[in-house]
Amino acid sequence: MTSEMRSSISIYLASLVTYVQAISKSGSIPLYKDPSAPVEERVTDLLSRMTIEDKAAQLLQGDLRNWIDISDGTLNQTGLEWSMRARAGSYYVGVAIPWKMLSDGIKIGQDFLVQNTTLGIPAWVQSEGIHGFLIPNATIFNSPIAHACSFNPPLIEKMAKAIAREASVLGVNQIFGPLADLARELRFGRVEETFGEDGYLTGELAHAYVKGLQSGNVSAMVKHFAAFASPEQGINCAPVHGGERELRTTYLPPFKRAIIDAGALSVMSAYHSYDGVPSVADRHTLTDILRGEWGYKYFVMSDAGATDRLCKDFKMCRSDPIDSEAVVNFAFPAGNDVEMGGGSFNFEKIPDMVASGKLSIDIVNQAVSRQLRAKFEAGLFETPFTGVSEEDQATYINTPENIGLARQLDAESIVLLENHDDVLPLKKDARIAVIGPMARGYMNYGDYVPYRSQYRGVTPLDGIKAASTGSITYAKGCERWSNDQSGFDEAVAAAESADVAVVVVGTWSRDQDELWSGLNATTGEHVDISSLNLVGAMPHLVKAIIDTGKATVVVFSSGKPITEPWISDAASALVQQFYPSEQGGHALADVLFGDVNPSGKLSVSFPYDIGTTPIYYDYLNSARAYPDPGAVYANGSMTFGHNYVLQSPLPLYEFGYGKSYSTFRYSNVKLSQYTASSADVVILSVDITNGSKRDGAEVVQLYVQDMVASVVVPNKQLRGFSKVLVPAGATKTVEIDVAIADLGVWDISMNYVVEPGEFTFHVGSSSKDLRGSATLTVLA
């Protein structure tokens with residue numbers, strides 16, 4: 001910003017302040033406390049009353065533990081007064097404590113701010129909630145990588161509404177979610193937190209989450225802006241390599257959908273660097289694009305401790321002692337308005353830097369205005385505390401309605417990968433041996449669940465027992481983390497005595513306390529891997545059970561794809577249940593026994609091997625152009641190819657793949673028009689016929705291929721989908737809208753243009769299984 005621009009803005013603000021202060025003097029309350037006043041006038045009035053200390057306090061995050069001893073709930077009055085003076089903009093409450101202790105602590109904080117500070121500015125009360133509000137005994141939904149497989153935005157919106165309701169009745173008004181990151185680097189530990197590899201699907205689900213959450217008066221913080229989840233070597237917080245065109249084509253669209261289209265009130269920046277620029281200090285993304293191009297009006301907050309990384313990890317300033325002024329000068333003017341805790345609280349330097357002339361007050365006012373604007377829009381001044389009485393809390397949290405929703409979403413998210421000889425659905429009176437370390441004893445949840453949550457929920461064994469009328473036996477077989485095979489004999493004996501074996505194996509994460517305490521895990525934040533194979537004795541257990549000759553259903557319970565392609569051929573059936581909800585065992589049994597016809601579709605592609613990644617479907621033209629795969633067979637023989645010599649560069653299971661107990665036929669593919677301008681919306685219609693005797697839901701997927709482009713573009717991109725329930729023997733017509741303006745490219749001059757020419761609209765059951773097409777010509 002030039003000095004002339006700063007001067008003009010200052011003159012304008014001064015004039016506006018004079019105006020609104022004159023209005024406030026004629027009323028009984030300050031203008032900023034008048035809910036009928038325009039938000040911008042309220043912001044300007046409040047900003048004019050704030051000292052530099054007031055302003056700085058709005059830009060720092062506090063913590064409930066500053067004034068509440070979470071071991072017994074006692075109040076630290078000194079800590080309360082200090083926190084509300086120095087870190088008053090928000091406070092974190094994501095700790096595993098009883099509901100009453102949390103709610104009481106929140107109310108103490110908000111009451112102090114409203115009643116005992118000069119201006120009475122309420123705080124953001126912040127917690128986690130990507131698949132359930134992070135408090136003991138709240139409803140746990142399945143992980144995002146799982147519920148993305150439902151391809152059901154309305155159901156995700158219902159989930160988010162439930163999360164908002166459970167959070168708000170304890171006084172929480174902001175949730176760190178959803179993620180708009182893309183799972184395009186499968187070694188990365190946080191794949192489970194994403195909605196998968198595709199930008200369109202991620203954008204639609206993140207949009208639904210934001211709308212659902214904020215409809216319940218809990219604001220969303222979309223994270224991690226931007227392009228965070230593709231780090232070098234898959235290692236958490238490592239650099240991400242890419243260019244401007246990839247950023248705009250692939251990574252930014254889901255963020256824009258969640259932030260701008262859904263109206264998210266806050267954004268979280270990220271830990272990584274992109275093309276050598278740390279996200280937390282990236283003026284190009286945080287200011288030029290987010291504010292300049294997209295017009296975003298609200299605030300950006302750093303992730304925990306992320307600002308310290310500028311000195312400690314990126315080596316852009318002195319780290320011992322940390323150069324806090326340098327941190328402020330890198331991050332704050334770039335557009336990172338608020339600093340989360342977990343680090344050195346560098347933004348505490350802001351008042352001194354303004355006083356010494358090292359930092360412009362205009363930048364401070366801009367950041368504080370964004371923070372205040374969001375608070376006014378959210379209605380925090382009118383309702384600073386949303387908690388209910390202790391006796392009423394249980395009527396809102398983990399209700400039968402929410403539990404039922406968790407089961408429904410979980411069941412819709414389960415993906416049937418293989419079903420040889422139609423071994424599924426199982427007969428309810430069958431003798432079943434349930435086997436495996438993930439089948440009993442704990443819930444195999446993803447990360448971001450409260451401490452010891454794993455001991456609450458319906459396990460696969462629980463669910464199968466509840467649904468079955470036959471005999472059920474269980475054998476663990478092995479520990480998830482061990483090579484010890486001493487339990488195999490018991491497991492084999494159980495399988496041999498049964499009609500069918502259900503073997504549950506996979507990956508595992510930990511709750512939010514255990515994950516950071518050094519206990520073993522194979523997925524989760526900061527838990528990155530070099531192999532997608534099953535760990536320890538688990539693959540050998542699966543083989544031992546299959547070798548009994550009994551029908552064997554293998555269930556992958558995991559937070560990311562598993563690469564054991566031999567199981568796809570050798571098992572009787574293969575089911576993917578990404579990290580489940582608290583109703584996971586019931587949902588699994590619903591599918592295994594046929595009470596629910598599987599309709600889940602993969603939100604992420606499965607490679608044959610980690611060495612063939614990345615494996616996402618929307619690769620750029622010229623990639624994977626001439627596959628000449630080799631192979632290694634079960635008997636040890638080999639066929640040599642070239643790319644790859646002994647493996648395939650193509651996926652084992654592609655994005656959008658998933659079987660059903662029904663069969664669906666596609667026919668009569670039509671477009672509403674076959675020529676269009678960039679301003680048009682074209683409708684593709686297709687008839688879906690259920691050729692089976694069982695009602696079923698099909699996810700109809702629309703992919704668009706730009707036939708000739710001026711730059712290299714993805715070979716095809718998902719541009720629409722519709723989940724439709726088709727009764728047995730019936731036909732339904734499905735219509736999917738496509739805005740032609742969304743089919744543009746970032747041209748050689750980095751301008752977004754819809755180029756004239758032909759676009760092929762492919763419709764099908766997955767990104768590979770395309771059943772019909774039609775060609776549209778876009779006119780100049």
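Contact means heavy atoms within 4.5 Å. The structure above is a predicted model. The exercises below work through its packing, surface and side-chain links.

**Exercise 1. Helix α19**

Find out how many of the residues of helix α19 are buried, and name the elements they pack against.

Solution.
- Step 1. Take the cut-off: buried means under 20% relative accessible area.
- Step 2. Apply it to helix α19, residues 538–546. Seven of the nine residues pass.
- Step 3. Name them. The buried residues of α19 are Met 538, Pro 539, Leu 541, Val 542, Ala 544, Ile 545 and Ile 546.
- Step 4. Look for their partners. The buried residues pack against β11, α18, β13, β14 (551–558) and α20 (565–570).
- Step 5. Conclude. With seven of nine residues buried, α19 is largely enclosed by the rest of the structure.

**Exercise 2. The nonpolar cores**

Identify the residues that touch the most other members of the largest nonpolar core, and the helix that gives the most to it.

Solution.
- Step 1. Recall the general trend. In soluble globular proteins, nonpolar side chains tend to be buried together.
- Step 2. Turn to this model. The largest nonpolar core has 121 residues.
- Step 3. Rank the members by the others they touch. Phe 133, Phe 225, Phe 332 and Ile 350 touch the most.
- Step 4. Sort by helix. Helix α7 (residues 153–168) gives the most to this core, with eight residues.
- Step 5. Check for a separate core. Another one, of 84 residues, lies apart and includes Val 434, Ala 495, Ala 544 and Leu 602.
- Step 6. Link back to Exercise 1. Ala 544 is one of the buried residues of α19.

**Exercise 3. Around Phe 133**

List the contacts of Phe 133, leaving aside neighbours within four places in sequence.

Solution.
- Step 1. Drop the sequence neighbours within four places.
- Step 2. Collect the rest. Phe 133 is in contact with Leu 102, Ser 127, Glu 128, Ala 138, Thr 139, Ile 163, Glu 166, Ala 167, Leu 170, Val 172 and Ile 175.

**Exercise 4. Two accessible residues**

Place Lys 158 and Phe 640, and decide whether each is buried, partly exposed or exposed.

Solution.
- Step 1. Locate Lys 158. It is found in helix α7.
- Step 2. Read its relative accessible area: 46%. Lys 158 is therefore partly exposed.
- Step 3. Add a distance. The C-alpha atoms of Lys 158 and Ala 208 are separated by 8.6 Å, though their positions lie 50 residues apart along the chain.
- Step 4. Locate Phe 640. It lies in the loop between β17 (638–639) and β18 (664–671).
- Step 5. Read its value: 55%, so Phe 640 is exposed.
- Step 6. Find its surroundings. Val 632, Met 638, Phe 640 and Val 645 make a nonpolar surface patch of about 390 Å².

**Exercise 5. The disulfide**

Which cysteines does the disulfide join, and are they buried or exposed?

Solution.
- Step 1. Count. The structure holds one disulfide.
- Step 2. Assign. Cys 311 is joined to Cys 317, with an S to S distance of 2.0 Å.
- Step 3. Get the handedness. The angle about the S-S bond is -100°, and the link is left-handed.
- Step 4. Classify the ends. Cys 311 has 1% relative accessibility and counts as buried. Cys 317 has 15% and also counts as buried.
- Step 5. Look at two further cysteines. Cys 149 is buried at 0%. Cys 478 is buried at 5%.

**Exercise 6. Salt bridges**

Describe the salt bridges of Asp 111, Asp 308 and Arg 431.

Solution.
- Step 1. Search the whole structure. There are 31 salt bridges.
- Step 2. Take Asp 111. Its side chain meets that of Lys 107 at 2.7 Å, N to O. Both lie in helix α5 (residues 99–116), four residues apart, about one turn of the helix.
- Step 3. Classify this pair. Asp 111 is partly exposed at 23%. Lys 107 is partly exposed at 36%.
- Step 4. Take Asp 308. It bridges to Lys 312, with the closest N and O atoms 3.5 Å apart. Asp 308 is buried at 5%, whereas Lys 312 is partly exposed at 41%.
- Step 5. Take Arg 431. Its partner is Asp 499, with the closest N and O atoms 2.8 Å apart. Arg 431 lies in the loop between β10 (415–419) and β11 (432–435), and Asp 499 in the loop between α18 (488–496) and β13 (500–506), so the pair ties together parts 68 residues apart in sequence.
- Step 6. Finish with a network. Salt bridges link Arg 190, Glu 193 and Glu 525.

Note on methods:
Residues are numbered from 1 along each chain as its sequence is written. This is a predicted model: local features need pLDDT of at least 70, side-chain atom pairs count only at pLDDT 80 or more; totals for chains, interfaces and linings use all residues. Side-chain values use heavy atoms; hydrogens and water are left out. A nonpolar core is a set of buried Ala, Val, Leu, Ile, Met, Phe, Trp, Tyr and Cys residues joined through side-chain atoms within 4.5 Å. Buried means under 20% relative accessible area, exposed over 50%, partly exposed in between (1.4 Å probe, protein chains only). Helices (H or I, at least four residues) and strands (E, at least two) are DSSP runs, numbered from the N terminus. Patches are made of residues with over 30% relative accessible area and no salt bridge: like charges are joined within 9 Å, nonpolar side chains (Val, Leu, Ile, Met, Phe, Trp, Tyr) within 5 Å. Accessible areas come from the Shrake-Rupley method with a 1.4 Å probe; for residues, only the protein chains shown count as cover. A salt bridge is a side-chain nitrogen of Lys or Arg within 4 Å of a carboxyl oxygen of Asp or Glu. A disulfide is a pair of cysteine sulfur atoms within 2.5 Å.
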